[in-house]
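Welcome to this short tour. Have a look at the sequence and the model first, and then we will walk through some of its features together.

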Amino acid sequence: MGSIDETAVGSLREALRGPVITPQDPGYDEARSIYNAMIDRRPAAFAQCVDVADVQAAISFARDTGADLAVRGGGHSGPGLCLVDDGLVLDLSPMRWVRVAPEATTVQVGGGSQLGDLDHATHAFGRAVPAGIMSTTGVGGLTLGGGHGYLTRKYGLTIDSLVSADVVLADGSCVTASADDHPDLFWALRGGGGNFGVVTSFTFRLHPAHTVGVAVTVWPVDRTPEVLRWYREFMPSAPEDLYGFFAVLAVPPGPPFPEPIHGHKVCGVVWCYTGDLAADRLEEVLAVVNDPAPPAFHFTTPMPYPGLQSMFDTLIPKGLQWYWRGDFFDAVSDGAIDVHHKYAENLPTDLSIMHLYPVDGAAHRLGADETAWAYRDAVWSCVVAGIDPDPANAGLIREWCVGYWTDLHPHSMGGSYVNFIGQQESSDRVQATYRGNYDRLAAVKRVYDPDNLFHANQNIPPAPS
Ligand code: FAD
């Protein structure tokens with residue numbers, strides 16, 4: 001794949017309604033800055049698309065010039081898949097819009113929207129789409145990978161609410177994929193990542209959600225084994241109204257945490273309750289947090305759902321160094337507990353974390369081959385993330401993350417949520433993500449992108465014809 005010459009950039013500028021940004025333009029460094037500051041790539045140009053016609057023009061340009069192409073949604077990819085050195089970035093970030101159908105059964109979302117855009121618009125109708133836990137994550141990358149978060153036990157993965165998607169294909173044509181139209185493409189989009197085309201809009205089914213019960217419980221880090229032994233039994237047997245992700249972390253230095261425990265290494269659970277919020281009901285449901293060991297801190301409050309979704313936005317803003325890896329788990333073995341305890345005690349920096357996100361409940365109601373998401377039998381999606389503001393600590397967080405993941409991996413199901421595959425991981429990891437669905441994905445890829453134009457992703461090369 002070649003880079004892009006100046007004359008060609010001129011023709012791209014003429015073809016697009018949105019701006020084209022090159023290294024000579026003042027907005028260049030802003031355009032190439034993404035959530036993970038460890039990624040430092042220098043694309044030749046950004047095509048900042050404002051509509052479907054711009055997306056078609058940018059795709060035609062990449063095809064005709066042979067320029068390396070990346071697609072940017074919310075820019076949250078850990079390994080920076082939305083940027084490519086010397087190539088063209090098809091930047092969807094101007095396409096941030098949301099339209100809730102007036103009867104509030106479905107919502108349509110622009111391909112560059114962030115979760116906060118979606119939550120803001122649907123909350124006004126007392127509705128939500130199950131998605132991730134940070135308001136700045138892109139709807140695009142998250143949905144195409146599968147998408148899990150606080151409402152997953154109750155309403156399933158994000159893809160389980162996807163009704164249809166408008167997609168610009170590698171040949172520049174535009175189609176709507178749904179259960180009835182291009183069903184193979186629709187199947188592949190639900191977990192297969194950005195391999196099949198550029199999604200310019202998603203239509204989701206809406207679910208009731210307005211004010212939710214939120215709780216945070218932390219225990220001293222030396223109680224990690226008892227807490228995990230309790231959590232692994234309690235969480236999968238709890239009603240689907242209750243969701244709690246387990247974490248190892250250092251206590252953030254601010255409210256609601258009391259000052260004496262700021263910075264302490266702990267294990268904890270962040271809870272979201274969508275059941276009855278009548279007086280003290282959440283306290284009753286969570287009385288069990290005293291069972292494994294006395295918490296160092298336990299806090300509950302009702303909260304508008306978008307408030308929960310943006311609770312971590314200021315704690316982990318854009319621009320930090322991130323190094324992450326993940327795996328699926330159907331159980332938390334005693335051996336895994338020893339690994340969690342060891343690495344929790346040796347947290348390298350105050351922002352580094354390990355999270356175990358439940359992916360059971362409603363997410364288990366579909367079979368492994370009904371969408372591209374092949375781990376319907378997984379109970380948790382785990383991510384280990386070394387995080388720090390200081391680039392000088394990049395080696396430290398990488399070493400901790402890789403050591404933790406390497407020791408934990410033998411206790412896992414073998415594959416990872418595709419969106420938690422990190423930097424410097426091999427293509428074997430993509431195959432492990434899709435298990436028995438991989439060959440069908442490669443066959444769909446051959447139909448919709450036979451030349452692998454869309455390869456800056458967790459790539460599934462087209463099956464040989
Ligand atoms: P980008 O970097 O813009 O894109 C990622 C990939 O998706 C690229 O390959 C890109 O080409 C492709 N892509 C994006 N949009 C489109 C589109 N419209 N059409 C075609 N291809 C597209 N995941 C969860 O499921 N749940 C969570 O709770 C969660 N929390 C997270 C919190 C943080 C702080 C971070 C950094 C990530 C989190 N993730 C979570 C992972 C997240 O789903 C992935 O990082 C995802 O790739 C982000 O999508 P994006 O659009 O922001 O990323």
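Where is Pro256 found? Pro256 sits in the loop that runs between S13 and strand S14 (265-273).

## Two loop details

Before we go further, please keep in mind that this is a predicted model. With that said, the loop holding Pro256 is a good place to begin. The peptide bond leading from Pro255 to Pro256 is cis, and its omega is near 10°.

Another loop, the one between S3 and S4, contains Asp86. Asp86 has a phi near 65°, which is a positive value in a residue other than glycine.

## The seven-stranded sheet

Now for the sheets. Seven strands make up an open sheet, and following them across gives the order S15-S12-S14-S13-S17-S18-S16, with antiparallel pairing. Strand S15 (297-304) and S16 are at the edges of this sheet; each has a single partner strand, so one side of each is left without a neighbour in the sheet. On average, neighbouring strands here are turned by 15° against each other, direction ignored.

To look at one pair in detail, try strand S17 (residues 353-358) and strand S18 (residues 380-388): they run antiparallel and are joined by six bridges. If you would like one bridge to find on screen, Tyr357 has Ser381 in S18 as its bridge partner. A helix also belongs in this picture: helix H12 (residues 394-408) lies across strand S13 (242-250), S16, S17 and S18, and runs at about 5° to S16.

## The four-stranded sheet

There is also an open sheet of four strands, ordered S1-S2-S4-S3, and its pairing is mixed. Its edges are strand S1 (20-21) and S3; each of them has a single partner strand, so one side of each is left without a neighbour in the sheet.

S3 pairs with strand S4 (residues 88-91) in the parallel sense, over four bridges. Ala70, for instance, has Val89 in S4 as its bridge partner. Helix H3 (residues 52-65) packs on this sheet and touches strand S2 (45-48), S3 and S4, with a direction that makes about 165° with that of S4.

## Around the ligand

Which residues are the closest to the ligand? They are Val71, Gly73, Gly75, His148 and Tyr417, from a total of 34 residues that surround the ligand. Sorted by character, the shell has 16 nonpolar residues, 17 polar ones and one charged.

Several elements contribute to this shell. Strand S3 (69-72), helix H5 (139-145), strand S10 (198-205) and strand S16 (321-329) each supply at least two of its residues. H5 gives the largest share, with four residues. You have already met two of these contributors: S3 as an edge of the four-stranded sheet, and S16 as an edge of the seven-stranded one.

Finally, look for backbone atoms beside the oxygen atoms of the ligand. A polar backbone atom of Gly74 is 2.9 Å from an oxygen atom of the ligand, and for Gly75 the corresponding distance is 2.8 Å. Leu142 takes part as well, with a backbone N or O atom that lies 3.4 Å from an oxygen atom of the ligand. How much of the accessible area of the ligand does the protein cover? The protein covers 96% of the 940 Å² that the ligand has on its own.

How values were computed. Residues are numbered from 1 along each chain as its sequence is written. This is a predicted model: local features need pLDDT of at least 70, side-chain atom pairs count only at pLDDT 80 or more; totals for chains, interfaces and linings use all residues. Side-chain values use heavy atoms; hydrogens and water are left out. A residue is near a molecule or strand if one of its heavy atoms lies within 4 Å of it. A polar contact is a pair of N or O atoms within 3.5 Å; within protein, one must be able to donate a hydrogen and the other to accept it, and residues adjacent in sequence count only if both atoms are side-chain atoms. Accessible areas come from the Shrake-Rupley method with a 1.4 Å probe; for residues, only the protein chains shown count as cover. Ala, Val, Leu, Ile, Met, Phe, Trp, Tyr, Cys and Pro count as nonpolar, Asp, Glu, Lys and Arg as charged, and the others, Gly among them, as polar. Two strands pair if DSSP finds at least two bridges between them. Axes are lines fitted to C-alpha atoms, for helices over the stretch in contact, and angles run from 0 to 180 degrees between N-to-C directions. Contact means heavy atoms within 4.5 Å.
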